[in-house]
Amino acid sequence: MTLIADVVFDAPVRHSFSYRVPDGWTVRSGQRVRAPLRGAARIGMVVAVRDGAEEGLKPLARLVDAEPVLSKTQLDLVGWIAAQSLSSLGSTCAALLPPPVSGERDVITESPPAGADRAGAPKPAVAAAPKPALAAAPKPALLIGAGREKRVLERLETTPGAGLVIAADVEAVARWAQRLAKIDRAVRLDSGVSDDERAAAWRALRDGSARLAAGTRSALLTPLPAPATLVLIDEHEAAHKPPGAPRMHSRDVALERAAREPLALVLTAATPSAEAWWRAESGLIDMPAREPGAWPVVSVADTRGILRREPLTPPLSRAIRETLAAKRRVFLVVSRLSSSLACDECGAVVRCPECAIAFAYSRAAARLVCRVCGGSQPLPETCAACHGRRLTPFGWGAERVEHAVRRRFPDARIARWDPESSRGARGEAQRAAAAAADVVIGTRGALRLFGPGALGLAAFVAPDQLLRAPDFRAGERTLALAWAAAERVAADGALIIQSQNPGHYAFEAVARQNLGEFYRQELEFRADLGYPPFRRLAVVSVQAGQPEETRRLADAVGAALRGAKALTAYPPIADRRDRVRRIVTKGGADLPRLLDDALREFKSPSGGRGIIDVEVDPVEWPF
Ligand SMILES: [Zn+2]
Ligand SMILES: [Zn+2]
């Protein structure tokens with residue numbers, strides 16, 4: 001008998017590799033090691049140490065951590081995340097750990113080390129551990145409304161024990177670290193600090209030498225000695241599920257961790273995700289009621305049938321003039337041009353009759369295509385609702401809006417900022433100009449320039465582009481943006497929404513400062529059409545060399561998925577360049593397991609006919 005360690009690596013391969021533990025070594029699961037793989041000593045995570053009789057195994061090369069960085073409970077949680085997201089245990093581990101100390105960093109980015117060059121003997125991937133009985137922890141809390149972040153700080157100040165705040169991006173983490181430092185010793189667990197500082201912060205939190213910390217999703221598994229509080233800021237943000245492992249929204253990781261460990265979980269959101277709101281309504285999350293905060297006057301200007309040669313309606317022009325005269329700031333929200341079609345007369349959006357989301361419009365193909373079910377139809381001549389003849393993908397881009405504002409208000413300081421598309425030095429210059437401007441024309445990301453109540457006027461030039469997005473979350477995203485804009489306007493200021501859909505429930509909810517009104521209708525729509533939180537979605541992407549091979553493989557995968565019980569699979573849809581085909585699937589809570597079973601025949605080493613990638617619970621529609 002020899003002592004054997006099973007190790008997983010940061011690579012898209014699902015199984016672990018077995019190595020001999022050299023005599024005299026002490027190795028435990030949850031510890032990182034270096035072990036030979038594909039001719040190099042790679043960093044991997046030990047997931048099991050056992051007695052075995054396998055012959056000819058290579059020995060481990062070196063210990064990376066002096067002691068385990070993941071407890072048994074945490075390793076089980078990582079196993080659950082990997083199983084739920086159909087990703088490799090090794091990549092999930094790597095994404096949720098601080099970088100190893102200097103000089104020990106490496107990442108495997110090549111294709112899976114299948115077949116030929118196996119270092120250790122492959123073993124089946126570690127199965128997800130069964131969920132343990134609920135720990136004695138309080139119900140998670142969802143904080144909404146004005147002052148929610150202040151309430152988080154008060155809570156961390158008055159509750160003993162460790163506190164970890166997870167924010168969506170490095171900029172927000174820096175801000176939170178400063179706030180936390182006013183309460184107690186606070187450390188940072190994100191890429192805004194050096195690797196060594198991050199690793200030290202992880203240890204400081206575990207040992208209790210630091211009480212508070214802020215980090216991004218890579219800090220989600222930081223050990224927190226009880227009693228502990230875990231806070232997820234802006235739980236509705238799509239940025240909490242960026243591409244790459246762990247391929248799960250931070251909200252889902254946090255909720256699962258809170259169910260396995262005795263820690264208090266606090267979520268915050270101005271406009272919760274439909275998923276979180278539904279949990280709160282079902283009694284799974286506490287959502288303390290709050291008095292509504294100050295709110296600006298919200299008006300919705302109906303732009304149906306108005307010839308849109310000019311992006312500013314008379315009421316908006318007047319409001320800009322008055323706001324500038326009062327020496328207050330104006331923010332005009334613009335959106336990227338959408339790729340769907342709507343009627344300029346009545347505002348009706350051309351939607352897929354099956355899926356109720358906007359058809360995507362392809363000028364080249366002169367067709368409308370549904371990005372869920374793949375259904376398509378030729379361009380309609382007239383609007384089905386009003387028989388109007390102006391169906392266009394029309395919208396206002398930032399540049400044209402800026403031009404119109406300059407023409408009318410030549411003396412104002414005007415700046416345009418789209419943080420998503422201008423980065424680097426040019427982005428910085430734009431940001432600086434916007435920070436000093438009287439009128440800022442910008443996309444969603446530019447909202448971060450303004451604190452609560454900082455604006456005299458905010459206006460949406462044509463938010464219909466958001467509502468028309470070919471995504472079932474279009475309503476939720478529109479609400480989130482309009483609500484966030486309203487929060488940044490002073491109580492005696494105004495929010496103007498120019499829309500061809502003035503009666504949309506997202507706008508009515510903002511106008512009346514009534515979130516419940518929005519979610520009642522949104523959840524009804526989600527339930528009727530079988531969207532989350534009532535059904536789970538996954539997108540299976542297939543790619544195999546030439547378009548013809550991809551088509552054949554996608555058809556085979558599609559057939560296998562359609563043959564699976566309790567799983568809905570729509571026909572494959574080709575991307576614009578016909579290199580990837582995507583299959584949208586729907587199922588219940590056990591969707592990941594059903595997909596795993598149905599795709600097994602394509603994932604075996606001998607079935608290497610192409611790349612099959614599964615995105616479970618997608619937040620950005622990947623088309
Ligand atoms: Zn119409
Ligand atoms: Zn459809």
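User: Which residue is the bridge partner of Gly163 in E10?

Analyst: Happy to start there, keeping in mind that this is a predicted model. Strand E8 covers residues 162-166 and strand E10 covers residues 212-215, and four bridges join these parallel strands. Within this pairing, the partner of Gly163 is Leu212.

User: What is the strand order of the open sheet of six strands?

Analyst: The pairing in this sheet is parallel, and from one strand to the next the twist averages 20 degrees. Its edges are strand E7 (141-143) and strand E9 (186-189), each of which pairs on one side only. Reading across, the order is E7-E12-E11-E8-E10-E9.

User: At about what angle does helix H3 run to E12?

Analyst: Helix H3 is made of residues 148-158 and lies across E7, E8, strand E11 (228-232) and strand E12 (263-268). Relative to E12, the helix runs at about 165 degrees.

User: Is strand E24 largely enclosed by the rest of the structure or largely open, and how many of its residues are buried?

Analyst: Strand E24 spans residues 536-543, eight residues in total. It counts as largely enclosed by the rest of the structure because the number of buried residues among them is seven.

User: Which residue of E28 stands opposite Val542?

Analyst: Let's take the two pairings of E24 in turn. With strand E27 (residues 581-587), E24 pairs in the antiparallel sense over seven bridges, and there Val542 stands opposite Arg581. Six bridges also join E24 to strand E28 (residues 611-616), again antiparallel. In E28, the residue facing Val542 is Ile612.

User: Which geometry does the site of the zinc ion (ligand 1) have?

Analyst: The ion is coordinated through the SG atoms of Cys343, Cys346, Cys383 and Cys386, at 2.3 Å. Ideal angles for four tetrahedral donors are 109.5 degrees. Here the angles among the four donor atoms are 105 to 113 degrees, and the site is tetrahedral.

User: How many residues apart in sequence are the parts that Cys343 and Cys386 tie together?

Analyst: The donor residues follow the spacing C-x2-C-x36-C-x2-C. Cys343 belongs to strand E15 (residues 342-343), while Cys386 sits in the loop between strand E18 (376-378) and strand E19 (391-392), so the pair links parts whose separation in sequence is 43 residues.

User: Is Cys386 buried, partly exposed or exposed?

Analyst: For context, Cys343 has a relative accessible area of 0% and is therefore buried. Cys386 has a value of 33%, and since the middle class runs between 20% and 50%, Cys386 is partly exposed.

User: What is the approximate phi of His387?

Analyst: Most residues other than glycine have a negative phi. His387, in the loop between E18 and E19, has a positive value although it is not a glycine. This residue is exposed, with a relative accessible area of 61%. Its phi is near 65 degrees.

User: Where is Pro533, the residue at the end of the cis peptide bond from Pro532?

Analyst: Most peptide bonds are trans. The bond from Pro532 to Pro533 is cis, with omega near 10 degrees. Another cis bond runs from Ala245 to Pro246, with omega near -10 degrees. As for Pro533, its place is the loop between helix H14 (515-529) and E24.

User: Which helix gives the largest share of the largest nonpolar core?

Analyst: This core has 86 residues, and Met45, Leu70, Leu479, Leu495 and Val510 touch the most other members. Leu479 has contacts that include Thr271, Ala506, Val510 and Phe518. The largest share of the core is seven residues, and they come from helix H12 (residues 474-487).

User: How many residues are in the second, separate core?

Analyst: Among its members are Ala538, Leu553, Leu595 and Phe602. The total for this second core is 23 residues.

User: What distance separates the C-alpha atoms of Cys370 and Cys355?

Analyst: Cys370 is found in the loop between strand E17 (367-369) and E18 and is buried, with a relative accessible area of 1%. Its contacts beyond four places in sequence include Cys352, Cys355 and Ile573. Cys370 and Cys355 are 15 residues apart along the chain, and their C-alpha atoms are separated by 8.0 Å.

Terms used. Residues numbered from 1 in each chain as written. Chains lettered and ligands numbered in written order. Predicted model: local features only at pLDDT ≥ 70, side-chain atom pairs only at ≥ 80, totals over all residues. Heavy atoms only, no water. Pairing = 2+ DSSP bridges. Axes fitted to C-alpha atoms, helices over the stretch in contact; angles between N-to-C directions. Contact = heavy atoms within 4.5 Å. Buried < 20%, exposed > 50% of the residue type's maximum accessible area, 1.4 Å probe, protein only. Donors = N, O, S within 2.8 Å, 3.2 Å for Na, K, Ca; no water. Tetrahedral: all angles 85-135°; square planar, octahedral: opposite > 155°, others 65-115°. Core = buried A, V, L, I, M, F, W, Y, C linked by side-chain atoms within 4.5 Å.
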